[in-house]
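Me: Got a minute to walk me through this one? I'd like the overall picture, then some details.

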Amino acid sequence: MSEDPSAESRAEPALPPLSWALGRGRRVLDLPLIAWLTVIWVLLWSTLTWANVITGVVVAFVVCMAFPLPRVDLGLRLHPVGMVVLAGYLVYDMFTSGVKVTRQIFSGRPHRPAVVAVPLRCRSDLMLTATAVAVSNVPGGAIVEVRRATATLFLHVLDADRPAELEAARTSVWRIEELTVRAFGTREEIDRVAREPSRAEPPRPDTGRPDA
C-alpha cells in the first residue's frame, strides 16, 4: 500500500514545547506564551506583587483563549533559573538606576543628552521586543527607536559627553539582552548571546532634517 505524498502537508504542525491542544478546536494552551504575557503585564505595571502576577496570568489565559494563534513555534522557551536571575537583576537595576538618575538631576551641572545605537546579538522579533521592554522599564533607559532590520535599539543617554556613560549604557543593554535570552530564548539564541557583542556604531535614526 503506497503512502499518500500529501499526507505530511495535510498534517497539523507539531505543537511547541509545553503546549497542549484543547479539544478539537484551534485553541492551544501555550504555557511559555502565557508566562511571557504575564511578565509583560507585570512590567507594564512596574510593580511586582502577587495581585499583579495573578491578574497577569488570568489576562494572558483569556487573551490566548479569545484570540487563538496558529500552531507555530514562537521560539519562546521557559528557563526557570534564568527567569529568576532576570527578575532579580531588573529589580536591582531599577533601584541603582533610580539612584543614579536622581543624582544626575540634582548634581547641578549641565547635561548633554544624546541617542546611542546599540546593536543586539539576537535578531528574532520576540527577543528584540523583550529586550526593548526590559530596558524601557529601567529608569534612565528610554528607548527612542527599535530598528528591526538591523536588530538595533536606539537608547536615550543623559550624559553623552562622557564616554564612560555611553559605554556603560551599551553594556547595560547587552547585559539585559543576555539575561532575557537566557530566561526565554532558544538554545541557538543562548549560544549567540554568549559571544562578544559588536561595538560598531550602526546608523542613527533619521531625524528628517538635512545635515547643517
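Me: What share of the contacts with a separation of 6 or more comes from residues 24 or more positions apart?
Reply: That share is 70% in this chain. Keep in mind that this is a predicted model.

Me: How many helices and strands are there?
Reply: The chain has seven helices and five strands. Going along the sequence, they run α-β-β-α-α-α-β-α-β-β-α-α.

Me: And what about burial and surface?
Reply: Of the 212 residues in the chain, 34% are buried. The accessible surface is about 13,100 Å², and carbon and sulfur atoms own 63% of that.

Me: Pockets next. What volume does the largest pocket have?
Reply: About 510 Å³. Its lining has 20 residues, and the ones closest to the centre are Val-39, Val-42, Leu-48, Met-83 and Ala-87.

Me: Which helices supply at least two residues each to that lining?
Reply: H2, H3 (50–66) and H4 (80–105) each do. H4 gives the most, with eight residues.

Me: How does the lining divide into nonpolar, polar and charged?
Reply: You get 16 nonpolar residues, four polar ones and no charged ones.

Me: How do people find that sort of space anyway?
Reply: You roll a probe the size of a water molecule over the atoms, and that shows where empty space is left.

Me: Back to H2 for a sec. Is Thr-38 buried or exposed?
Reply: Thr-38 counts as buried because its relative accessible area is 8%, and the cut-off for buried is under 20%. Thr-38 sits in H2, which spans residues 31–45.

Me: What is Thr-38 in contact with, leaving aside neighbours within four places in sequence?
Reply: Val-53, Gly-56, Val-57 and Ala-60.

Me: Switching to electrostatics. How many salt bridges does the count come to?
Reply: Six. As a reminder, side chains of opposite charge can pair when their charged atoms come close.

Me: Which residue does Glu-145 form a salt bridge with?
Reply: Arg-147, with the closest N and O atoms 3.4 Å apart. Glu-145 is partly exposed at 26% relative accessible area, and Arg-147 is partly exposed too, at 21%.

Me: Anything in H6?
Reply: Yes, Glu-167 and Arg-170 meet there in a salt bridge, at 3.9 Å from N to O. Both lie in H6 (residues 163–184), three residues apart, which is about one turn of the helix.

Me: Same question on exposure for that pair. Where do Glu-167 and Arg-170 fall?
Reply: Glu-167 is partly exposed, with a relative accessible area of 29%. Arg-170, on the other hand, is buried at 13%.

Me: How far apart, N to O, are Arg-182 and Glu-178 in their salt bridge?
Reply: 3.1 Å. Those two also lie in H6, four residues apart, again about one turn of the helix. Salt bridges with shared partners join Arg-175, Glu-178 and Arg-182 into one network.

Me: Why does Glu-178 count as buried?
Reply: Because its relative accessibility is 19%, and buried means under 20%. Arg-182, at 32%, counts as partly exposed.

Me: OK, on to the strands. Where is Val-144 found?
Reply: Val-144 is in strand S4, which covers residues 143–147.

Me: What separates the C-alpha atoms of Val-144 and Leu-155?
Reply: 5.8 Å, and the two residues are eleven apart along the chain. If you leave aside neighbours within four places in sequence, Val-144 is in contact with Val-115, Phe-154 and His-156.

Me: What about backbone oddities? Which residue has a positive phi although it is not a glycine?
Reply: Ala-151, with a phi of about 50°.

Me: Where does Ala-151 lie?
Reply: In the loop between S4 and S5, the latter being residues 152–157.

Me: And is Ala-151 buried or exposed?
Reply: Buried, because its relative accessible area is 0%.

Me: Great, I'll have a look at that loop next.

Methods
Residues numbered from 1 in each chain as written. Predicted model: local features only at pLDDT ≥ 70, side-chain atom pairs only at ≥ 80, totals over all residues. Heavy atoms only, no water. Buried < 20%, exposed > 50% of the residue type's maximum accessible area, 1.4 Å probe, protein only. Contact = heavy atoms within 4.5 Å. Areas by Shrake-Rupley, 256 points an atom, 1.4 Å probe, with all protein chains shown as cover. 1 Å grid on protein atoms, 1.4 Å probe; cavity = no way out; pocket = protein on both sides within 12 Å on 5 of 7 lines; lining within 4 Å. Points joined across faces, edges and corners; volume = space filled by probe spheres on them. Nonpolar A, V, L, I, M, F, W, Y, C, P; charged D, E, K, R; others polar. Salt bridge = Lys/Arg side-chain N within 4 Å of Asp/Glu carboxyl O.
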